[in-house]
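The following exercises are to be worked through with the sequence and the structure at hand. Each task is followed by a solution in steps.

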Amino acid sequence: MSKSRRNVRFQHRNGERRLSVSSDVSDAPSEPSLNKNGNVSQPSTIQEEKPVQSEYEKKKQTFITRTIWTFVMIAGFFIAMFSGHIYIIALVTAIQIVSFKEVIAIANVPNKEKNLRFTKSLNWYFLATTMYFLYGESVIYYFKHILLVDKVLLPLATHHRFISFTLYVMGFVFFVGSLQKGHYRFQFTQFAWTHMALYLIVVQAHFVMNNIFEGMIWFFLPASLVITNDIFAYVCGITFGRTQLIQLSPKKTVEGFLGAWICTIGFGYFMTNLLMRYKYFICPVNDLGSNVLTGLECVPNQVFTTQPYSLEFFGLDYSFNMEPIQFHILAFATFASLIAPFGGFFASGLKRTFKIKDFGESIPGHGGITDRMDCQFIMGFFAFMYYHSFIAVYKASVGDIIETAINGLTVDEQLEVVRGLGKYLYNQGAVSESILECLVTELKRR
């Protein structure tokens with residue numbers, strides 16, 4: 001008997017496809033054989049194929065994962081917000097760092113091929129320098145009454161901007177020194193890309209943090225308006241959307257866009273009515289250790305106080321009472337509905353440019369942090385500008401007076417101010433005569 005030839009290949013003419021026959025593995029089922037007992041035994045399967053997951057199962061699993069992480073994010077957000085301002089500031093800081101990492105990673109792919117040194121290190125150095133400058137500005141502005149009286153922190157506070165400038169110049173000089181021949185175009189592109197990411201993410205996130213210091217409502221309300229507008233845009237779009245809004249996002253419709261605007265205004269009115277009842281939301285931060293249980297105390301801004309209004313319409317004079325914030329919420333809701341979505345369109349165009357679906361995989365089922373925050377940064381920036389232009393009340397603070405005394409008066413003049421304040425407090429009954437005498441005695445020694 002001749003031996004069977006294995007792996008015999010038959011080549012067809014005229015370029016037809018080739019067939020291979022193997023005696024080891026056959027696609028056809030083998031015939032049953034007799035075992036030792038004379039019974040018929042079924043052939044064993046050499047390798048079982050794994051069932052292919054259907055498209056429905058994939059969508060179902062994605063939906064479940066997305067839903068679970070949606071509730072996780074919502075729970076984490078509210079826990080941080082009610083735990084205190086310092087926790088929500090830490091959350092914003094983490095978001096801007098991860099978002100910066102995701103955006104920078106898009107343009108960092110060629111870096112592996114070019115094998116250039118210090119490119120990533122410089123990116124993180126510029127991030128650290130920018131955050132040091134911006135966070136320092138905020139801390140000095142809101143807590144100068146603490147920093148300016150501390151012997152160690154005073155030099156850092158008074159020379160903060162020069163220190164920040166020096167750090168940036170050091171990075172700039174190092175970047176120029178690291179330029180390599182043949183890679184100039186790529187390195188300058190990286191430099192420009194890094195600064196664009198710093199402006200669009202870190203700088204705008206800095207204003208979001210300032211909103212937290214001014215009062216939790218100026219952080220929570222803009223953020224909730226953007227989220228609500230996104231939800232209503234989806235609901236209105238699938239309900240009666242017909243006309244495409246913009247090519248960058250083919251699923252966005254004009255009907256959904258305008259319908260979400262109206263719904264967001266209604267939500268903003270309701271949410272503002274609720275939040276302004278609690279001082280934890282409307283009071284500026286004067287204690288970073290406060291939380292929803294300890295609360296905050298302040299004299300509320302006039303924008304939260306009911307004011308009388310009159311309206312003349314067709315010869316009729318109609319009078320009513322309303323808080324001014326209810327008028328301002330129209331501007332917030334309009335920006336969140338008509339302008340903030342263009343931050344998402346910008347992000348969509350950016351992803352199409354680099355041919356990616358998401359900025360990252362930081363959140364299972366949702367993509368990257370940047371995919372969820374693309375509209376929030378510009379909304380927070382607007383909230384800061386609008387608040388300081390039309391709502392904020394500017395008055396002298398303890399920090400402002402201390403800063404003026406330190407930077408504008410000599411030591412003798414500062415002692416004279418202390419002496420005068422001591423006499424004033426004694427006349428007002430705020431301090432005893434013994435304390436005043438002790439203060440005057442100590443001042444005379446100088």
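**Exercise 1. A pair within one helix**

Is Glu 416 buried, partly exposed or exposed?

Solution. The model is a predicted one. Step 1: the relative accessibility of Glu 416 is 47%. Step 2: partly exposed covers the range between under 20%, which is buried, and over 50%, which is exposed. Glu 416 therefore counts as partly exposed.

Step 3: consider the partner. Glu 416 forms a salt bridge with Arg 419, and the closest N and O atoms are 2.6 Å apart. Arg 419, at 21% relative accessibility, also counts as partly exposed. Step 4: locate the pair. Both residues belong to helix H17 (residues 411-427), where they are three residues apart, about one turn of the helix.

**Exercise 2. Salt bridges between elements**

Identify which parts of the chain are tied together by the salt bridge of Asp 230 and Lys 252.

Solution. Step 1: recall the general principle. Side chains of opposite charge can pair when their charged atoms come close. Step 2: count and select. The structure holds five salt bridges, and one of them joins the side chains of Asp 230 and Lys 252, at 3.9 Å from N to O. Step 3: assign the elements. Asp 230 is in helix H9 and Lys 252 in strand E6, so the bridge ties together parts that are 22 residues apart in sequence. Step 4: check the exposure. Asp 230 is partly exposed at 46% relative accessible area, and Lys 252 is partly exposed at 32%.

Step 5: apply the procedure to another pair. The side chains of Lys 279 and Glu 297 meet in a salt bridge of 3.3 Å, N to O. This pair links distant parts of the chain, 18 residues apart: Lys 279 lies in helix H11 and Glu 297 in the loop between H11 and E7. Lys 279 is partly exposed, with a relative accessible area of 33%, whereas Glu 297 counts as exposed at 59%.

**Exercise 3. The surroundings of helix H15**

Determine why helix H15 (residues 376-391) can be described as largely enclosed by the rest of the structure.

Solution. Step 1: twelve of the 16 residues of H15 are buried, so the helix is largely enclosed by the rest of the structure. Among these buried residues are Gln 376, Met 379, Phe 382, Ala 383, Tyr 386 and Ile 391. Step 2: find the cover. It includes helices H2 (85-107), H4 (119-142), H8 (184-214), H9 (217-240), H12 and H14 (369-373).

Step 3: examine one residue of H12. Phe 332 is found in helix H12 (residues 325-338) and is buried, with a relative accessible area of 1%. Its contacts beyond four places in sequence include Met 379, Phe 382, Ala 383, Tyr 386 and Ile 391, as well as Trp 218, Pro 222 and Leu 225. Step 4: examine one residue of H9. Val 226 is in helix H9 and counts as buried at 8% relative accessibility. Beyond four places in sequence, Val 226 is in contact with Ala 336, Ala 340, Cys 375, Gln 376 and Met 379. The C-alpha atoms of Val 226 and Pro 341 are separated by 8.2 Å, although these residues are 115 residues apart along the chain.

**Exercise 4. The end of a strand**

Which backbone nitrogen does the side chain of Thr 253 reach?

Solution. Step 1: Thr 253 is placed in strand E6 (residues 249-253) and is buried, with a relative accessible area of 12%. Step 2: its side chain reaches the backbone nitrogen of Gly 256 at 3.1 Å. Step 3: leaving aside neighbours within four places, the contacts of Thr 253 include Gly 237, Arg 242 and Leu 245.

Step 4: compare with the record. An unreviewed UniProt entry lists residues 253-271 among its transmembrane regions. In the model, residues 253-271 are 95% helix and 5% strand, with end C-alpha atoms 26 Å apart.

**Exercise 5. Exposed features**

Which residues make the nonpolar surface patch of about 590 Å²?

Solution. Step 1: the patch is made by Phe 71, Ile 74, Phe 78, Phe 82, Val 292 and Leu 293. Step 2: Val 292 lies in the loop between helix H11 (279-282) and strand E7 (307-313), and counts as partly exposed at 37% relative accessibility. Step 3: turn to another loop. Lys 355, between helix H13 (341-353) and H14, is exposed at 77% relative accessible area. Lys 355 has a positive phi of about 55 degrees although it is not a glycine.

Note on methods. Residues numbered from 1 in each chain as written. Predicted model: local features only at pLDDT ≥ 70, side-chain atom pairs only at ≥ 80, totals over all residues. Heavy atoms only, no water. Helix = DSSP H or I, 4+ residues; strand = E, 2+ residues; numbered from the N terminus. Buried < 20%, exposed > 50% of the residue type's maximum accessible area, 1.4 Å probe, protein only. Polar contact = N/O pair within 3.5 Å; in protein donor to acceptor, adjacent residues only side chain to side chain. Contact = heavy atoms within 4.5 Å. Patch = residues over 30% accessible without salt bridge, like charges linked within 9 Å, V, L, I, M, F, W, Y side chains within 5 Å. Areas by Shrake-Rupley, 256 points an atom, 1.4 Å probe, with all protein chains shown as cover. Salt bridge = Lys/Arg side-chain N within 4 Å of Asp/Glu carboxyl O. UniProt positions renumbered as here; feature names shortened; annotations may be inferred.
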